[in-house]
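Welcome! Please take a moment to look over the chain and its fold before reading on.

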Amino acid sequence: MENKQFTLEDQSLLEELLLHRRDVRGNNFLSDPISDEIIDKLLQAASMAPSVGFSQPWEFVLIRDAEIKQQVADNFAAENKKAANAFSDDKQQRYQQLKLEGILEAPLNIAVFYKPSVKPVLGQNSMLEAGEYSVVCAIQNIWLMARAMNIGLGWVSILNPEEIKQILNAPTENKLVAYLCLGYVKTFYDRPELEKKRWEKRKTIRSVVYSEGYP
Ligand SMILES: Cc1cc2nc3c(=O)[nH]c(=O)nc-3n(C[C@H](O)[C@H](O)[C@H](O)COP(=O)(O)O)c2cc1C
């Protein structure tokens, strides 16, 4: 249908989805499998994302195999050890208590890749990163569609991308953009877990908006 108009009710539904979308980690995943039909819906949502020059430069690897997940989880453990060292004493201790992934607990993992185009892409000359930004748009679509189906998603970035590529036998030119963990959840928190645990606070919008340039 062309020129579809949305109602105020539709708007508030989107607001609710945005408000209740959460990053879900291993302490909150249930083991119930996600059906192929639902996975298909999530991937359809990804494919509706905007992309530079309509290049659709995304590729997805679905992972349910326990052994592959274990290899990824081992990689997380090694990277997370290094990440903890970036913080000093007290914060390091608090960091170590955080659960920052759900690789083994989530029944479905999805590795999301950026596949650079071999041909020139309309609009991707001056800002090459626009290709990777497009992949992030697809990830956000999956995140919101998952939430609409009451499925939790956690984004894991504490991984060595080259080692994950090797584990998944990914083509050399592909770039790992995200590693996602998906599953039904025990509880969707009402606030970011990192806020509940007093690691970070939400910024006010006023503190990040400038008018007509930076002062
Ligand atoms: C690019 C990106 C990478 C992230 N990587 C991780 C991660 O490695 N581990 C983790 O626990 N959360 C990760 N997150 C989730 C954020 O911590 C989370 O989005 C933030 O704390 C706000 O919480 P919310 O998503 O529940 O609103 C990542 C989120 C983004 C967008």
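The report below walks through a sheet, a pair of helices and the ligand surroundings.

This is a predicted model, in which local features need pLDDT of at least 70, side-chain atom pairs count only at pLDDT 80 or more, and totals for chains, interfaces and linings use all residues. Residues are numbered from 1 along each chain as its sequence is written.

Let us start with the sheet. It is open, with 4 strands in the order 1-2-4-3 and antiparallel pairing. Strands (E, at least two residues) and helices (H or I, at least four) are DSSP runs numbered from the N terminus, and two strands pair if DSSP finds at least two bridges between them. Strand 1 and strand 2 are joined by 6 bridges, and W58 has Y114 in strand 2 as its bridge partner.

Next come two helices, helix 2 (residues 36–47) and helix 5 (residues 130–148), whose axes come within 7 Å and cross at roughly 140 degrees. Helix 2 is therefore oblique to helix 5; oblique covers angles that are not under 35 degrees, not over 145 and not 65 to 115. Axes are lines fitted to C-alpha atoms over the stretch in contact, with angles from 0 to 180 degrees between N-to-C directions.

Finally, the ligand is surrounded by residues including R22, W155 and P192, where near means a C-beta atom, placed from the backbone, within 6 Å.

Here are the residue classes for two of these sites.

| Site | Nonpolar | Polar | Charged |
|---|---|---|---|
| Shell around the ligand | 6 residues | 1 residue | 4 residues |
| Contact of helix 2 with helix 5 | 7 residues | 1 residue | 1 residue |

Ala, Val, Leu, Ile, Met, Phe, Trp, Tyr, Cys and Pro count as nonpolar, Asp, Glu, Lys and Arg as charged, and the others, Gly among them, as polar.
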